[in-house]
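Welcome, and thanks for taking a look at this one with me. Please open the sequence and the structure side by side, and then walk through the points below.

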Amino acid sequence: MRFTPKTMVLAAMFAVLTTVGAYIRVPMPVVPFTLQTAFVLLAGVLLGSRIGALSQVLYIIIGLLGLPVFAGGAGGLQTVFRPTFGFLLGFIAAAFVAGAVLERSKDYSFVKVLTACIAGSVALYVFGLLGLYLNLNYVAGKSVTFWKVLKIGFFPFIVTDALKALGVAILGAKVAPRIKGLIREQKE
């Protein structure tokens, strides 16, 4: 798929939605609960792997340039050294994986979209938890086991992330075929 003006606008829109999701947060120790993951998964489901991932690349670039778009109003290059930076990189992987799962089958049934959301969430957790482990152990200078990382960055979020994936699957199954139709019309 080419990056057309319409797809670029959609990518920018999801970068903005991810920013909005960062400001809808519940503070928790180390990793806050936000609605970002719902918008990340929705980007992959609705825009596909490449455009969905591009939306998250835009989001991260905007934040690294210093705009306060990350959770808690964070922004700037120093964000790379925060414990949650791995989750930000995981946003790119999650959108890509969720989109890729759907692109392979072109089936937008609830079960298929939910499967895509679960696969995207797994990708997000792989990057996020690895980044959290590395950051806490090598940047923050603490000695943290991977079990402790799971207690900080996985267990408190699994139920809410499952609910977000369920909500995205319900919405995505209804909306994705229409959005894909709009994107295809642009190519013709």
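1. Let us begin with a term. A salt bridge here is a side-chain nitrogen of Lys or Arg within 4 Å of a carboxyl oxygen of Asp or Glu. By that rule, the structure holds 1 salt bridge. Please keep in mind that this is a predicted model.

2. Which residues form the salt bridge? Asp161 pairs with Lys164. Their closest N and O atoms lie 3.0 Å apart. Both partners sit in helix H7, and because they are 3 residues apart there, about one helical turn separates them.

3. Are Asp161 and Lys164 buried or exposed? Asp161 is buried, and Lys164 is buried as well. When you find the pair on screen, then, look for two charged side chains that form a salt bridge and count as buried.

4. Now step back to the whole chain. You should find 7 helices and 2 strands. Reading from the N terminus, the order of elements is α-β-β-α-α-α-α-α-α. In other words, a helix comes before the two strands, and helices follow them.

5. How does the radius of gyration of the chain agree with that of a compact globule? For 188 residues, a compact globule would come out near 16 Å, and the chain has 16 Å, so the two agree. Along the principal axes, the C-alpha atoms fill a box of roughly 55 × 35 × 25 Å.

6. Burial and contacts add to this picture. Of the 188 residues, 49% count as buried. Take the contacts between residues at least 6 apart in sequence: 69% of them join residues at least 24 apart.

7. Turning to the outside, the chain exposes about 9,300 Å². Carbon and sulfur atoms supply 72% of that area.

8. One part of the surface deserves a visit. Phe110, Val111, Ile158, Val159, Leu163, Leu166 and Ile170 form a nonpolar patch there, with about 620 Å² of accessible area together. Helix H5 (110–139) and helix H7 (158–187) are the elements that give two or more residues to the patch. H7 gives the most, with 5 residues. This is also the helix that holds the salt bridge partners Asp161 and Lys164.

9. Finally, why does Val111 count as exposed? Its relative accessibility is 57%, and exposed means over 50%, so Val111 qualifies. You will find Val111 in helix H5, and it is one of the residues of the nonpolar patch.

How values were computed:
Residues numbered from 1 in each chain as written. Predicted model: local features only at pLDDT ≥ 70, side-chain atom pairs only at ≥ 80, totals over all residues. Heavy atoms only, no water. Patch = residues over 30% accessible without salt bridge, like charges linked within 9 Å, V, L, I, M, F, W, Y side chains within 5 Å. Areas by Shrake-Rupley, 256 points an atom, 1.4 Å probe, with all protein chains shown as cover. Helix = DSSP H or I, 4+ residues; strand = E, 2+ residues; numbered from the N terminus. Buried < 20%, exposed > 50% of the residue type's maximum accessible area, 1.4 Å probe, protein only. Rg over C-alpha atoms; globule rule 2.2 N^0.38 Å. Contact = heavy atoms within 4.5 Å.
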